[in-house]
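The following exercises invite the student to read a structure step by step. Each task is followed by a worked solution.

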Amino acid sequence: MSKTTEIQIEKSRNLIEGLRRHVREMGERGVSNNEIDQMEKTVALLSEANAEVDRLREELTPKVKKMNDLMTLVKASYAELKKTLKGYYPQERWPDYGIPDKR
C-alpha cells in the first residue's frame, strides 16, 4: 500500500469513528449519518482498489525487470554492431545499414 493512501485511509477511518461517536452523543451537527455512511463506503472502496493495485504491482515488478534486462542486452548488441559497421564503412554508407547518426 502506498504510504499516502495508507495515511489517508487511516485518517478517514479515524474521522468516521469520531463523527459516529459524536453524532450519537450530540445529534447531527452539520454532518448526517448518511454522509458518514457514504464516506465509510468510499474509504472501503479505496482500500479495495489499493489492494488490487498492490497485487498488480507485485505481478508487474518481475516483468518490468525482465524487460529492462532485455533492453540492456539489445542496447549493448546495437552499440557493438553499430561500432563494427562504422569501422568498416565510410560515413556516407551508414544510412544504408540503418545508422542515421554522424561521427
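A nonpolar core is a set of buried Ala, Val, Leu, Ile, Met, Phe, Trp, Tyr and Cys residues joined through side-chain atoms within 4.5 Å. Buried means under 20% relative accessible area, exposed means over 50%, and partly exposed lies in between (1.4 Å probe, protein chains only). The model is predicted, and for this reason local features need pLDDT of at least 70 and side-chain atom pairs count only at pLDDT 80 or more, while totals for chains, interfaces and linings use all residues. Residues are numbered from 1 along each chain as its sequence is written, and side-chain values use heavy atoms, with hydrogens and water left out.

**Exercise 1. The nonpolar core**

State which residues form the largest nonpolar core and which elements give two or more residues to this core.

*Solution.* Step 1: the largest nonpolar core consists of five residues, namely I9, I16, V23, I36 and V43. Step 2: two or more of these residues come from each of helix 1 (3–26) and helix 2 (33–88); helices (H or I, at least four residues) are DSSP runs, numbered from the N terminus. Step 3: helix 1 gives the most, with three residues. In general, nonpolar side chains tend to be buried together in soluble globular proteins.

**Exercise 2. Contacts of helix 2**

Determine which residues V43, S47 and E40 touch, leaving aside neighbours within four places in sequence.

*Solution.* Step 1: contact means heavy atoms within 4.5 Å. Step 2: V43 is in contact with I9, S12, R13 and I16. Step 3: S47, which lies in helix 2, is in contact with I9 and R13, and S47 is buried at 18% relative accessible area. Step 4: E40, also found in helix 2, touches I16 and R20. E40 is partly exposed, with a relative accessible area of 40%.

**Exercise 3. The course of helix 2**

Describe the span of helix 2 and find where helix 2 bends.

*Solution.* Step 1: the expected span of a helix is 1.5 Å times one less than its number of residues. Step 2: helix 2 has 56 residues and reaches 79 Å from its first C-alpha to its last, close to the expected 82 Å. Step 3: a bend of about 30° occurs at L60, and a proline, P62, follows within four residues. The bend at a residue is the angle between axes fitted to the seven residues ending there and the seven starting there.

**Exercise 4. Salt bridges**

How many salt bridges are there, and which residues are linked in a network?

*Solution.* Step 1: a salt bridge is a side-chain nitrogen of Lys or Arg within 4 Å of a carboxyl oxygen of Asp or Glu. Step 2: by this rule the count is eight. Step 3: among them, K3 pairs with E6, the closest N and O atoms being 3.9 Å apart. K3 and E6 are three residues apart in helix 1, so about one helical turn separates them. Step 4: R57 forms a salt bridge with D54 at 3.5 Å between the closest N and O atoms. Step 5: R20, D37 and E40 are linked in a network of salt bridges.

**Exercise 5. The aromatic pair**

Identify the aromatic pair and classify its geometry.

*Solution.* Step 1: rings of Phe, Tyr and Trp (its six-membered ring) pair if their centres lie within 6.5 Å; planes under 30 degrees apart count as stacked, over 60 as edge-to-face and the rest as tilted. Step 2: a search of the whole structure finds one aromatic pair. Step 3: this pair is Y89 and Y97, stacked at 4.6 Å centre to centre with 25° between the planes. Step 4: Y89 is partly exposed at 28% relative accessible area, and Y97 is partly exposed at 35% relative accessibility.
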